[in-house]
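Here are a few exercises to work through with the model open beside you. Try each task before you read its solution.

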Amino acid sequence: MEFTFDGQSIQAYDGETIAAALLAAGVRALRTTAGRREPRGVFCNMGACFDCLVQVDGRSNIQACLTPVREGMRVESQQIEGDWIPPT
């Protein structure tokens, strides 16, 4: 299946997480910190650290390591802290 990350087409397998697909595509930085704008990527890969936050289809603070890829989803690196929206 296919989705986009910052406008770039990324290939993924059904059931794969966003983080796994991005790592396989060579993407390492998923967001920047609010204070010093330092890059962050996948650290724990199990949902404990929140370093892999991205924006998915316009929603901020989505954990890439816990979110399965969907065909056509639009994923963007998170450049600032987003408004917290609890997962549904």
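**Exercise 1. Find the strand that holds Gln-63, then describe the surroundings of this residue.**

Step 1. Gln-63 belongs to strand S6, where a strand is a DSSP run of E with at least two residues, a helix is a run of H or I with at least four, and both are numbered from the N terminus. The model is predicted, so a word on its limits: local features need pLDDT of at least 70, side-chain atom pairs count only at pLDDT 80 or more, and totals for chains, interfaces and linings use all residues. Residues are numbered from 1 along each chain as its sequence is written, and side-chain values use heavy atoms, with hydrogens and water left out.

Step 2. Check the accessibility. With a relative accessible area of 14%, Gln-63 is buried; buried means under 20%, exposed over 50%, and partly exposed in between (1.4 Å probe, protein chains only).

Step 3. List the contacts (heavy atoms within 4.5 Å). Beyond its neighbours within four places in sequence, Gln-63 touches Gly-47, Ala-48, Phe-50, Cys-52 and Leu-53. Its side chain comes to 3.0 Å from the backbone oxygen of Gly-47.

Step 4. Look across the sheet. Leu-53 is the residue opposite Gln-63, and S5 and S6 run antiparallel, joined by 3 bridges.

**Exercise 2. Work out the strand order of the open sheet, and say which strands stand at its edges.**

Step 1. Recall the general rule: strands of a sheet pair through backbone hydrogen bonds, either parallel or antiparallel. Here, two strands count as paired if DSSP finds at least two bridges between them.

Step 2. Write down the order. The open sheet has 5 strands, arranged S2-S1-S7-S5-S6, with mixed pairing.

Step 3. Find the ends. Strand S2 (8-11) and S6 each have a single partner strand, so one side of each lacks a neighbour in the sheet.

Step 4. Place the sheet in the whole protein. There are 1 helix and 7 strands, and along the sequence they follow the pattern β-β-α-β-β-β-β-β.

**Exercise 3. How many salt bridges are there, and which residues are linked in a network?**

Step 1. Apply the rule: a side-chain nitrogen of Lys or Arg must lie within 4 Å of a carboxyl oxygen of Asp or Glu. The count is 6 salt bridges.

Step 2. Start with Asp-51 and Arg-31, whose closest N and O atoms are 3.3 Å apart. Asp-51 sits in the loop between strand S4 (39-40) and strand S5 (53-56), while Arg-31 is in strand S3 (residues 31-32), so this pair ties together parts 20 residues apart in sequence. Both Asp-51 and Arg-31 are buried.

Step 3. Turn to Arg-40 and Glu-38, a salt bridge with closest N and O atoms 3.8 Å apart. Arg-40 is partly exposed at 29% relative accessibility, and Glu-38 is partly exposed at 27%.

Step 4. Join the pieces. Salt bridges link Arg-31, Arg-36, Glu-38, Arg-40 and Asp-51 in a network.

Step 5. Add the pair Asp-57 and Arg-70, with closest N and O atoms 2.7 Å apart. Asp-57 lies in the loop between S5 and strand S6 (59-63) and Arg-70 in the loop between S6 and strand S7 (74-77), 13 residues apart. Asp-57 is partly exposed at 35%, as is Arg-70 at 43%.

Technical notes: Polar contact = N/O pair within 3.5 Å; in protein donor to acceptor, adjacent residues only side chain to side chain.
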